[in-house]
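Thank you all for coming; I would like to take a few minutes to walk through one model with you. Please have a look at it first, and then we can go through it together.

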Amino acid sequence: MIDIKELKTRYSEIKKNIADRYMNVDLDKIIQDQDRRAELLLEVENLRARRNENASKMKGKMDPETRARLIAEGKALKEELAGKEAEFSAVDALFQAEARTIPNYAHPKAPVGKEDKDSLAVKFHGEIPHFSFKPKDHVQLGESLDVLDFDSGAKVAGQKFYYIKNQLVILQMALERYAMDIVLKHGFTPFITPDIAKEEILQGIGFNPRGEESNIYTIEGTGTCLVGTAEITLGGYYQNTILDKSQLPIRMTGLSHCFRREAGGAGQYSKGLYRVHQFSKLEMFIYCLPEESDKFHEEILSIEEEIFSGLGLAYRVVDTATGDLGAPAYRKFDIEAWMPGRGEAGEYGEVTSTSNCTDYQARSLNIRYRDDDGKIRFVHMLNGTAVALSRAIVAIMENYQNEDGTIRVPQALVPYTGFDLITKK
RNA sequence: GGAGAGAUGUCCGAGUGGUCGAAGGAGGCAGACUCGAAAUCUGUUGUAGUACAUUCGUAUUACCGAGGGUUCGAAUCCCUCUCUCUCCGCCA
């Protein structure tokens, strides 16, 4: 969440930001509740002070009459306090919930706009491949090579689940290791994270685990959820911690399964592996000093580019429009790889996403550092995809297909796969 | 899954319902001693709010794993939960 002390001091900025993001947040109502909360808090604290004063009068010996009088006073205070406290906690809970809906500030350079097409392509890399035949999409390719099985996935687990089979299993593992090696080269500490996290962690990261449109699977009766990304578990790692300044930056990379409900996510653009309920992903995460987060955002992006250019894929980098940022993100860059099987004649499809969330998540999760002046400040937190295996596989299968339906393995992966062609077994 | 023990400040560790934001030690910081260091001595040392002052501040509230409860008053008593440790069971 943002700093609630700024609701008034940065009022017009926050208001504009909400508008730029096309969000429906009533700032004035929230400020009203904030004022009401402050009023009640003051009353509660005054009552508590009187209660404490009354109690401390009763420490020593005294005549029974005085004692009886003080106890009666204490009882009255106690009752009054209970009422006020109930009133306060109701308003407080309301205010806290409302305050959490206020999005993070946006980077001044983030393009303002409502949706996808308002995002700005800031860089193009590589040649879009030309085929002397009509390229197939990855679903056709995968099923005819017997390396992808959506029918059995649907039968056993439901719609949008799948089995990966045969050589594609090895390709996925190769990709995983290929990306891991690149990320490790840049000084990240590797993790395999839990695939489950507590609801409070999800909320702190900025996910809403409940409600109709939630993308999160909750596990009934446990207070936990299946994670949608290792961003959640890497970001929760230092919850309630005061880090030493010398520890920063902390670079972590985590491999996890990712689970997403994707309610209503069907359609041409979500075909096959592109949008599924479960996939594996290697995620990068950085905790850093506030003044360094822009720099590290660029660093994450450049590692992502290294991974995808190394695979020989054509891609573009997109500076995401404010309306598409997601509440915690201050700025977000996506890499979109060219996917020949997407749409009518191929299209770019998102393969990575990196966000600078500044102190927004750190404030909710209470992750701070001790600065040189002894003051304790919130860290900045950034995340970025190293490789989302399912999406990368879509791009590789479609870009590296041959006319006979076989698929070449990108050069960079051959040392990891041990073969250079995927054929029907 | 069963039985037991435990959770206190940066760390270790004490704590009879009121004099406990919390003994004592270690560590950190400042100072004395020293050419300098070690040792020694002295002082100091949590976090988050709120109200005034907004210059050092003053007052006050909350926090002893989390959440409830009892009480005029809870680190201390009661309940629930979480986590850690030991033993048993089960298992990759």
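Let me begin with a question: to how many salt bridges does the count come by this rule? The count comes to 26 salt bridges, where a salt bridge is a side-chain nitrogen of Lys or Arg within 4 Å of a carboxyl oxygen of Asp or Glu. Before I go into individual pairs, please keep in mind that this is a predicted model, in which local features need pLDDT of at least 70 and side-chain atom pairs count only at pLDDT 80 or more, while totals for chains, interfaces and linings use all residues. Residues are numbered from 1 along each chain as its sequence is written, chains are lettered from A and ligands numbered from 1 in the order in which they are written, and side-chain values use heavy atoms, with hydrogens and water left out.

Now to the pairs themselves. As general background, side chains of opposite charge can pair when their charged atoms come close. In this model, the side chains of Arg48 and Glu85 form a salt bridge, with 2.8 Å from N to O. Arg48 belongs to helix 3 and Glu85 to helix 4 (residues 64-100), so this pair ties together parts that are 37 residues apart in sequence; helices here are DSSP runs of H or I with at least four residues, strands are runs of E with at least two, and both are numbered from the N terminus. Arg48 is partly exposed at a relative accessible area of 31%, and Glu85 is partly exposed as well, at 28%, where buried means under 20% relative accessible area, exposed means over 50%, and partly exposed is in between, using a 1.4 Å probe and protein chains only.

Helix 3, which covers residues 27-57, also holds Glu45, a partly exposed residue at 43% relative accessibility. Glu45 and Leu81 are 36 residues apart in sequence, and their C-alpha atoms are 9.1 Å apart in space. There is also a network of salt bridges that links Arg36, Glu39, Glu43, Lys84 and Glu87.

Further along the chain, Lys123 and Glu305 meet through their side chains in a salt bridge of 2.8 Å, N to O. Lys123 sits in strand 1 (residues 120-125) and Glu305 in helix 10 (residues 293-310), so the pair ties together parts that are 182 residues apart in sequence. Is each partner buried or partly exposed? Lys123 is partly exposed, with a relative accessible area of 37%, whereas Glu305 is buried, at 10%. Another salt bridge joins the side chains of Glu299 and Arg251, again 2.8 Å from N to O, and it links distant parts of the chain, with Glu299 in helix 10 and Arg251 in strand 9, 48 residues apart.

Let me turn to the domains. The assignment for chain A, and such bounds come from an automatic or database domain assignment, gives domain 1 as 6-99 and domain 2 as 116-422. Their C-alpha centres lie 43 Å apart, and the contact, meaning heavy atoms within 4.5 Å, takes four residues from domain 1 and seven residues from domain 2. Between them the two domains bury about 360 Å², 45% of it on carbon and sulfur atoms; buried area is the accessible area (1.4 Å probe) that two parts lose on being put together, summed over both. On the domain 1 side, Asp20, Arg21 and Met23 lose the most area to domain 2, together 90% of what that side buries. The rule finds zero salt bridges across this interface.

What about the interior? The largest nonpolar core has 58 residues, and Leu175, Ile307, Phe308 and Ile422 have the most contacts inside it; such a core is a set of buried Ala, Val, Leu, Ile, Met, Phe, Trp, Tyr and Cys residues joined through side-chain atoms within 4.5 Å. Helix 7 (residues 166-185) gives the largest share of this core, eight residues. A second, separate core of 24 residues includes Val227, Leu248, Tyr287 and Tyr369.

Finally, a few backbone details. Leu248 is joined to Pro249 by a cis peptide bond, with omega about 0°, and Pro249 lies in the loop between strand 8 (241-244) and strand 9 (250-259). Asn240, although not a glycine, has a positive phi of about 55°, and at 55% relative accessibility Asn240 counts as exposed.
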